[in-house]
Amino acid sequence: MGALIYSSICSLDGYVADRDGDFDWAAPDDEVHGFVNDRERPIGTYLFGRRMYEVMAVWESAVGNAAPGTADDFAELWRSADKIVYSTTLQAVSTSRTRLEREFDPAAIRALKASSPRDLSIGGPCLAACAIRAGLVDDVQLYLVPSVVGGGTPVLPQDVRLDLELVDEHRFRGGTMFLHYRTR
């Protein structure tokens, strides 16, 4: 059975994008990117909303724009995983190993988790909020960037209580903190 993991890079004050929708401040350095890659290796399926899918789709053809191998490594991880995009507005997907679903169905996600030999990752705070509300998320992995943006898109839903257990943490030279929580 695969675990459903919500992983996100966010500001210290808890936003994935600022009020203008910008997230340039969240770009990981090579040390963080390599760590992210290692955390992504067990992922067999990515679940995305439309906006996160459109941001991440660049990895279908991205190569060589980071430290030796870091970007290429992530691009290969992206291409080798299955992807499911949940959207009522997207007309078609543009990446391999990707299917489009019009509706987020918690029962279907439970069945997918139960039948998956590998972990699943849910990307994007809106879709993750749906999964959190449905009690589907097993792990929350946050990369806290040493920036305060003062508002924007919150990393976690504001109308949900979620009790968590800290199971891992890591501090990076540039000040980013990785926090891995398991739901109780």
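**Exercise 1. Find the residue in β10 that stands opposite L164, then work out how β9 and β10 are joined.**

Step 1. Start at L164: across from L164, in β10, you'll find T183. Keep in mind that you're looking at a predicted model.

Step 2. Now zoom out to the two strands. β9 and β10 run antiparallel, and seven bridges join them.

Step 3. Follow the chain round the turn. This hairpin of β9 and β10 has five residues between the strands, and G175 there takes a positive phi near 105°.

**Exercise 2. Which strand is joined to β10 by six bridges, and in what direction do the two run?**

Step 1. Look for residues 139-145: that's strand β7, and six bridges tie β7 to β10.

Step 2. Check the direction: β7 and β10 run antiparallel.

Step 3. Pick out a facing pair. L144 sits opposite M177 of β10.

**Exercise 3. Locate the salt bridge partner of R173, then decide whether each of the two side chains is buried, partly exposed or exposed.**

Step 1. Find the partner. The R173 side chain meets that of E31 in a salt bridge, with 3.6 Å from N to O. That falls within the 4 Å cut-off.

Step 2. Place both ends. R173 lies in the loop between β9 (164-171) and β10 (177-183), while E31 belongs to helix α1 (residues 30-40). With their positions 142 residues apart, the pair links distant parts of the chain.

Step 3. Use the accessibility cut-offs: under 20% is buried, over 50% is exposed, and in between is partly exposed. R173 has 73% relative accessibility, so R173 counts as exposed. E31 comes in at 23%, so E31 is partly exposed.

**Exercise 4. Do the same for the salt bridge between R97 and D82.**

Step 1. Get the distance: 2.9 Å, N to O.

Step 2. Place the residues. D82 is in strand β4, and R97 is in the loop between β4 (82-86) and β5 (98-101), 15 residues apart.

Step 3. Classify them. R97, at 45% relative accessibility, is partly exposed. D82 has 32%, so D82 is partly exposed too.

**Exercise 5. How many salt bridges does the structure hold, and which residues form a network?**

Step 1. Go for the total: there are twelve salt bridges.

Step 2. Look for linked ones. D38, R41 and D73 make up a network of salt bridges.

Step 3. Try one more pair. D163 bridges to R161, and their closest N and O atoms are 3.4 Å apart. R161 is exposed at 72%, whereas D163 is partly exposed at 40%.

Note on methods: Residues are numbered from 1 along each chain as its sequence is written. This is a predicted model: local features need pLDDT of at least 70, side-chain atom pairs count only at pLDDT 80 or more; totals for chains, interfaces and linings use all residues. Side-chain values use heavy atoms; hydrogens and water are left out. Helices (H or I, at least four residues) and strands (E, at least two) are DSSP runs, numbered from the N terminus. Buried means under 20% relative accessible area, exposed over 50%, partly exposed in between (1.4 Å probe, protein chains only). Two strands pair if DSSP finds at least two bridges between them.
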